[in-house]
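Here is a short report for someone meeting this structure for the first time. Take a look at the fold, then read on.

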Amino acid sequence: MADPPACCAACATCLLCPYSCRWITAKKEKRKGLRTTKCDCSWFLFLFCVFLFTLVWLYFAIIILNDFHNFNEFIFKQRKLWLDWSLVLLIATAVLITYSSVLLVLALCLQLCGQPLKLHWLHKILLILTALVVAAAFTGLGIKWAEEWRSARISLQATGPFLHIGVVGGMTLLAWPLASFVYRTRNTGLKVFLLLVYCVVMIALYLAPLGITSPCLMEENQLPPKPALVGHRGAPMLAPENTLMSLHKAVDCDVQVFETDVMVSADGVPFLMHDEELTRTTNVQAVFPERAALNSTAFNWTDLQQLDAGSWFLERSPFPTVPSLSAGDRHQAAKQRIPSLGQALEAAKQSNISIMFDLRPENHSDYQSFVNATLAVILQSGIPLQQVLWLPDGFREQVKQQAPGVQQVYGRKRLQNEKEPLLHVNLPYQDMSSEEIRQYRQDNISVNLYVVNQPWLFSVLWCSGVSSVTTNACQVLKEMKQPIWLLPSSTYLMIWIVVDCVSFLTILWAFLLLK
């Protein structure tokens, strides 16, 4: 085999330093007679696997950002510590993927320059630690947040065609160092094995589009109407959740439904609150420190009116949008108080939007009195009953009798031989496939899925034909005029053929050029 050119040798000297931590020139390395051993090849294979492992985790990290606010709330309930853990996740993931990527690029360049792959022991330790950290992350995800596996499956409907092109491109580029290694090594068995594995992988990739399905592979004239927006606790990225300001900001985002949570005070006044404790979204620890850990329903309405329900939003910045709020919005947010259900109904009536709510906590011993108090406020408010969407399952028959005009929304799929057909369902977005959404749409069943914040997810559900989505990011989804991408099947077929042909010719060129 001919020696590498002088420029390659000079480059190899620079590559050897960070990869092998050998501060000598490539020529001295060659004179010492060092060669790539089987052990070195094993470590290169391990490096490649760690890179793929971290790359897959990066994909998952990006996908779970849609639901990461729920994780932040969970940590706060457990530790009483508020932090945007998504930032920690992204920084840690970026460090791991950057480290493994740089090492892999160095190894491939060294192979192209004909230099030995002598990975330093410190890199070996760090690679093992990287693999353990990513494995621990996947394990924790599977144990504590298993529904995110279904989120990943849905995400492939949005990213599948583009991931295919990216993977084909990456494997095509890998042909250059592979050809260099095959022509340099004298081990015939290893040559045959590597070439066989590479050919099998490439054939599988070339045929992969046969198994790729996406609801957004359709003609533009087949696109269903844009899903309506349901404000999750209002517009929580623009105002403190479950406040009148949040409701009005949601109205500005053209939401059709204000989704909230209702509890009933100790003296029978229904009010808006999501958590069973008041510590996350009020200053109860400062006003009633000895009672801060009590259930929200243990406070009477006079006590609740004394609490500040807005300053926490400015202090903790639960979303990245908070620091960019105008001075006027910040001033208004700081003055927010806990609203009663009656106030929320009046605001919804004036804004001509619907209101949908859960009644919490459903396991409370006085839950029936909570239902009665809530129904009384609804009937006294004067809001058209068709604008009220009732979510709680408890005492639903009583609600139907006392307020027959209220729309009943069910948190489950329809059952076989259902006596009364469902008209509205409200489910997590992971719980319904595109096929089920289409079937419900054909049967005139309104499907609302929650919580949808990322444009890629909204796009997939839009193409699937969902009726509405509950979102924290109404200001983002409002601006979407069409899905992120919409591709006719014939166009995708043409792209698939072109990509595969270019890839095949590039691989052929690499092996002929380096021969």
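The report covers the record's annotations, two helix pairs and a run of strands.

This is a predicted model, in which local features need pLDDT of at least 70, side-chain atom pairs count only at pLDDT 80 or more, and totals for chains, interfaces and linings use all residues. Residues are numbered from 1 along each chain as its sequence is written, and side-chain values use heavy atoms, with hydrogens and water left out.

**Annotated regions**

UniProt, in an unreviewed entry, places "transmembrane region" at residues 41-65, 85-113, 125-143, 163-183, 192-212 and 493-514. The same kind of record puts "domain: GP-PDE" at residues 227-481. UniProt positions use the numbering given here, feature names are shortened, and annotations may be inferred rather than shown by experiment. Helices (H or I, at least four residues) and strands (E, at least two) are DSSP runs, numbered from the N terminus.

| Span | Helix | Strand | Distance between end C-alpha atoms |
|---|---|---|---|
| Residues 125-143 | 100% | 0% | 27 Å |
| Residues 192-212 | 76% | 0% | 30 Å |
| Residues 227-481 | 35% | 16% | 11 Å |

**Helix pairs**

Two packed helices are described by the angle between their axes and the distance between the axes. Axes are lines fitted to C-alpha atoms over the stretch in contact, and angles run from 0 to 180 degrees between N-to-C directions. Contact means heavy atoms within 4.5 Å.

Helix 3 (residues 38-63) packs on helix 6 (residues 121-144) at about 35°, with axes 10 Å apart. The crossing is left-handed, meaning the near helix is turned anticlockwise from the far one by less than a right angle; clockwise would be right-handed. Among the residues that meet are Trp43 and Phe46 in helix 3 and Lys124 and Leu127 in helix 6. By class, this contact has 16 nonpolar, two polar and one charged residues. Ala, Val, Leu, Ile, Met, Phe, Trp, Tyr, Cys and Pro count as nonpolar, Asp, Glu, Lys and Arg as charged, and the others, Gly among them, as polar.

Helix 8 (residues 175-184) and helix 21 (residues 489-513) also pack at about 35°, with axes 9 Å apart. Their crossing is right-handed. Contact residues include Trp176 of helix 8 and Trp509 of helix 21. The classes here are 10 nonpolar, one polar and no charged residues.

**Strands**

Strands pair if DSSP finds at least two bridges between them. Strand 7 (residues 424-428) pairs with strand 8 (residues 446-450) in the parallel sense over five bridges. Asn426 has Asn448 in strand 8 as its bridge partner. Helix 18 (residues 434-442) links strand 7 to strand 8 in a right-handed β-α-β crossover. Right-handed means that, with the strands pointing away from the viewer, the path from the first strand over the helix to the second runs clockwise.

Strand 8 pairs with strand 9 (residues 468-471), in the parallel sense, over two bridges. Leu449 is bridged to Val469 in strand 9. With helix 19 (residues 455-464), strands 8 and 9 make a right-handed β-α-β unit.
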